[in-house]
Amino acid sequence: METEVIEKIVSIEKPHLEAPPDWQPVIMGILCNWCSYAGSDLTGTSRIQYPPNIRIIRIPCSSRVDPWFIIKSLQTTADGVLVSGCHPGDCHYISGNYYARRRFLVTKKLLNFVGYHEDRVQFSWVSAAEGQKFANVVAKVTEDIKKLGPLRLYKKENS
Amino acid sequence: MARVGVFVCFCGANIGDFVDVPAVVEEAKKIKEVKYAIDYKYVCSDPGQQMIRDAIVQQRLTSVVVAACSPRMHEKTFRKALSDAGMNPYLLEVANIREHSSWVHQKNKKAATGKSSDLIRMAVAKSIANEQLHEISVPVTKRALVIGGGIAGIQAALDIADARIPVVLVEKSPSIGGKMAQLDETFPTLDCSQCILTPKMVDVASHPFIELLPYSEVIELDGYVGNYKAKIKRKASYVNFDTCTGCGACWLKCPVKVPNEFNMGIDKRKAIYSPFPQAVPNKPVIDAEHCTMLIKGKCGICAKVCEKGSIDYTMQDEIVEREIGAVVVATGYDLWDPKPYEEYGVGRFKDIINSLEFERMVSANGPTGGVPVRPSDGKVPKNVVFIQCVGSRDEAKGIEYCSKICCMYTAKHTLLLHHKVQDSHAYVFYMDIRAAGKGYEEFVKRAQVETGATYLRGRASKIYKKGDKLMVQGEDAQIGQVVEVEADLVVLATAIYPYKDNPDLARLLGISYDKYGFLSEAHPKLRPVETAKAGIFLAGCTQAPKDIPDSVAQASATAAKVCGLFAGDTMKKDPMIAHVNNEFCTGCQNCVNVCPYQAIVTEEIPLGYGFKELRTVAKINEGVCQGCGSCVAICRSMAIDLAGFTDMQIINEIVAI
Amino acid sequence: MDYTKQIKEIAGKLFSEEKIDVFIGYRNSGFDENQVPVLIHHYQDVDQLVFTEKSVFNLTNYLKYEHTRNKRVGLVVKGCDSRALNLMLTENQVKRENLYIVGIACEGVVDEAGQKAQNCLECVMPDSVVFDEMLGTPSGKREYQVNADIRELDGKELTERLTYFEEVFENCIRCNACRHSCPLCYCDKCCIDQETSTLYHGANTTSSAFHALMTWSLHLAGRCVDCRNCEKACPSHLPLHLLHKQNEKVVYENFQEHQAGMIEGDRGAFYKYSMSDPDDFIM
Amino acid sequence: MNLTTYSTDSAGLQAFYEAIINAHETYAPVEKFGKYDFKKVDSLAGCDPDSPIPQTMSVKSLFFPKSAKVMKYTATSEGTELSDTTEDPLAGKRVVLGVKHCDARGLQVLDAVYKWDYIDTDYEKRRENTILISPRCDQAVTHCFCTSLDYDVENLDAMDVAVIHVGDGKVYLQARTEKGKNFLKENNKGLSAANGAAKEEMKKQYDKFAGSFRLSMDYKEINEKMQDKFDSPAFEEVSSNCVSCNTCAFVCPTCHCFKISDEKIRDKGVRYKSYDSCNNVYFTLMAGGHNPRPVKYRRWRQRSMHKFVYYKERFGVNLCIGCGKCTISCPVNISIFEVVNKVVNTMQE
């Protein structure tokens, strides 16, 4: 008997905190179109290899990233989130990444405050020329999340 | 019910070798909304596109997902294919399984296949929420406003007008010409400034497509790209330009003498004056601050001598309105005030002048007839010390940036000095010689060789008076010793500083400016002549220090931009812009605050259905919005959404894997 | 702190001079020692008004509702309330000319146990920052200090905090009382109730509580004035102030000591930026 | 009914509770953040069957949870496949300790609607399989007015087993239903049958309790007069300081409005049924934009009329059970007692 109220829906698929042997993290990569997405394309064109755990979402600018996307990602499918935009001063839309930067800091600290490791949500500035940097960033984020294990947002009441 | 078609590309071996494409197709077929999934060698090829077009028609698809290379590569191609099949092109989504999967996971086919499937799932989920979008067309008023009648403004106005586009050229002073009109000869070819500028000025005055508004200021600019409305104040000149012939009788007889700005105050002009002989328009204006008739109501000599009766002391400022489509800002520069350099005795010693004063003195039509003289006693100087970087590159006292042109004009000045005063000697205190530009380095070399000027590397540290001479003390870094030079005249190459009214103008136009007051370009590298506000462009020193060739080049670039903007009757715009849902908008106006393009305004709508009371909501100007999404993310009530990247689309992507 | 007499006088005067249509103040609940907000429409009801250290609820919340819309309103505001009012004015939710603001130089209110409330002990601005008339002697702005609970939780292990907050989110019943009692949650339809949210988190699960509370606190980051209306309203007694105080701390420490609602025209930390904002957390 | 009554002392009661917790799936009020909610307990240590009334959430969450899974589904190209929630939440008996009588009465009231027309089998099974054991209150708190409503507070007929502290550490356990009787028989270890004094002592305890109420009203008068008060201007007045926070409905033992929502990830989804409240502006928003209750007083009217008129008309009982939870939880202490009395006593022009 359980009251069945407290359960992350996806815990049907991943109910354990301990990683099963073949577990692979899912990382949501939210990239701005003009710098980071172009940078990730360059990583591809340069055939620089990186771990296959990232799933990329294209958005016009890092300022389009509502912290809500990060929360939703963690809640539903992702074990970690990477948000990447243009370097400060390089924003295609002038000032977008400055606004975004403030939100990211507060979001990151808040998530850490409520008990999720800082490395769950990471941010980077990757320019369109930084194919290698993008690969390095993805490798680092994947490594970090692997160390942290699957994200458990809510324990099941009776487990 | 959504019917999505998925087209997976092998891209030859590029994807096919590293991703199990048929497995990906099978996986895609399992998705509820996918009604059709197929692979093909090259989807971007003609047969590949034909396949998409056929499927759209035969399978009655509601959206299309192409899993291939980066959307930055072929999105346009596939959109075209959709369009050709009669489908809205924005119902396309591209899953980037080449750059983001096959090419970067070449050693792990299983993972690459899985990832490709996930990327397709995300694209399918996103495409379900795609909406039909239509290119936005904004009507344009084909008339350009050029603010500033210096060389940049003149060039921009002429280039635009030559493309048969009407131009309104607004100049604050009584004549166009700007700073260049004050110059004697120009580097690096030493051609006479007046000789090359005045024909252009005359062209402006006579051009059928240019409306010249001298002695005027822009006081208001409303609207958005293609549809601006400018209010221009025509200052009262007290002279009827229509009847005035510019004969000069008035200013010859005028009894009031005022320091002449054009000659940097070295000589005097009259209260009714035309700034310089070649002025365009060559009509005088009355300086209301100094005219005794206007101040005290006594005098009236000019009216008496004017045969045409053009003098009208009752004239008032007049405000004219012009509808325009684009603006070129070319307000130029001012000289930086070297007051902080107390050790140079600026203000205390008369024989310290700035470069523009020197320029006027050596100018053939200048106040001294082309011969430099000491302001203190009128003698012709023999030893002249030029000090470069006064203000420039000096974080402590001046400004951080390099003024770019001082090295060159100082070299020119040494030459001019040498030509005018044969037995003179020039000393130049410099930090570095920056002579990047066609023929520039050669010009500096030539000047040094020809004049034998002594170049001393180092900042002058002190100037003091010794008799009627000035002693300039400084360090010659190359020999590591303090040197003292006896000077008859010291010329300071003071820094270029933004035109003093730039911040006010920027606020008026709704564009941004840096901490000095230089107007900011949209992108330092890729959009150097545009501002963040669509339809407003920058030319000349208003954006950064520039020499004449650069200013002219930039002016022509703005002209090209303006002509491009006006190429059609309407402007076509990407429809991926923000939209406000009035139902949810609270009118907090945070979006207005955050928008980098001032694309958001407010409007009043009824409180609810049947209400008479009004409430304020945000309204996006379609013509201006660039689709960055800044407003979308900060809108707490989620009243704003970004077409093409809606919250729903992104959430669909997030939960799809 | 007892301004009952003065407030009665002021409200009476405003009604008799017909300067206001409604006055928002406090009255004794009639049941127990607590005070409840009251909206007074007539001169004869003015006698109900009281103001003591039990006048806790932030009255600016009532400016959101139809009772005060487009009416001339008189209301009583303490320091924190006035900061919320300042933000509402800045964000164009109320018109200043429609308000008659009785500011209080607040000496702190008490909680149910009669102790001085925590937010009052840590109050940075006890005096009303916007007012037409001020009661009491202003004591001026105080130094910002990090909330005691935040300090305590910061000292704990990550997993301890996780467990703690899991319980917070589990005990949330998603009644949304927190946001309805918050004067700065004035949106006509909250983003949490919109389709984009409800499609994936429409149920009252713990997961949706996490989503709702996190989103809510981020929407109030750099805007929350620490009046604790939310906490008073929460039927589950959740320590909601923790989320806000955490954001407040990050905002204060990193964004030029930003404090919400201190100056009229200051919109909140997320609606401006500085070139020198921290960048070291970004790769 | 032949009532089975046992007597014991405080220690015996503790032992009785312990035994139940060990033998059965047991729920009891557990304190968290100063508020008690019914949670599953493993030992008596973590819970408090005598939790104070004001700080206790309603027991309805065990029968009508704040969010319950209705079904699961998988959507693939072959079609959408429905399935029951994986674990059956209704299997096995369970015992709930520490339910206040008013709260239990709330369930009785809810039975009427749940077993009417469409029978909610989930609710029915949960009710059937649950034994409610609870102490009778000793003292009414500020907002209590259960004695003023249409049910038998003295005889505790909403409970299965009543626990009555009669003072001096003496406790009576009385079965009130057939279910409770059987349960007590099975679990009477350490309990002794009550003697003849029990009835009197229990009556005395009740009288003391009944005397502690400060609120009282005549529900019949309210029921009758409320019927013509639909257009009463008093609703406008009483609702003026409401903040529409929904708390009253969420803590109310008898509020039973709900919403249905689907949550889907990848191809799997769950359908939930969750609490909703008529005090929410958007509760009555219709497709097309019309909202019959866009303003507070209309929502308050609906709430009061539903509690005292509509439900009574349809099911013969008042929907309000006088527990005062709404007033205690209300951030601005709006009392339903005050509201209905004001409405009834306000003259209509």
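How many residues of chain A are in contact with residues of chain B? Display both chains of this predicted model and select the contact between them: 34 residues of chain A meet 38 residues of chain B.

Next, restrict the selection to the side of chain A that touches chain B. Helix H1 (36-45), strand E2 (54-59), helix H2 (67-76) and helix H3 of chain A each supply at least two residues of this side. H1(A) provides the largest share, six residues. Colouring this side of chain A by residue class gives 16 nonpolar, eleven polar and seven charged residues.

Now keep H3 of chain A, which spans residues 96-113, and add helix H10 of chain C, residues 241-254. The two helices pack with their axes 10 Å apart, at an angle of about 140°. H3(A) is therefore oblique to H10(C), and the crossing is right-handed.

To view the contact itself, select Leu105(A), Val106(A), Lys109(A), Leu110(A) and Phe113(A) on H3(A). On H10(C), the partners to select are Leu243(C), Gln246(C), Asn247(C), Val250(C), Val251(C) and Asn254(C). By class, the residues of this helix contact comprise seven nonpolar, three polar and one charged.

Finally, turn to chain B and colour it by domain. The domain assignment gives the following selections:

- domain 1 of chain B: 4-128
- domain 2 of chain B: 146-221 + 326-332 + 499-570
- domain 3 of chain B: 236-316
- domain 4 of chain B: 338-496
- domain 5 of chain B: 574-655

As a last step, select domain 3 and domain 5 of chain B; their centres, taken over C-alpha atoms, are separated by 54 Å.

How values were computed. Residues are numbered from 1 along each chain as its sequence is written. Chains are lettered from A and ligands numbered from 1 in the order in which they are written. This is a predicted model: local features need pLDDT of at least 70, side-chain atom pairs count only at pLDDT 80 or more; totals for chains, interfaces and linings use all residues. Axes are lines fitted to C-alpha atoms, for helices over the stretch in contact, and angles run from 0 to 180 degrees between N-to-C directions. Helices (H or I, at least four residues) and strands (E, at least two) are DSSP runs, numbered from the N terminus. Angles under 35 degrees count as roughly parallel, over 145 as roughly antiparallel, 65 to 115 as roughly perpendicular and the rest as oblique. A crossing is left-handed if the near helix is turned anticlockwise from the far one by less than a right angle, and right-handed if clockwise. Two residues are in contact if their C-beta atoms, placed from the backbone, lie within 7 Å. Ala, Val, Leu, Ile, Met, Phe, Trp, Tyr, Cys and Pro count as nonpolar, Asp, Glu, Lys and Arg as charged, and the others, Gly among them, as polar. Domain bounds come from an automatic or database domain assignment.
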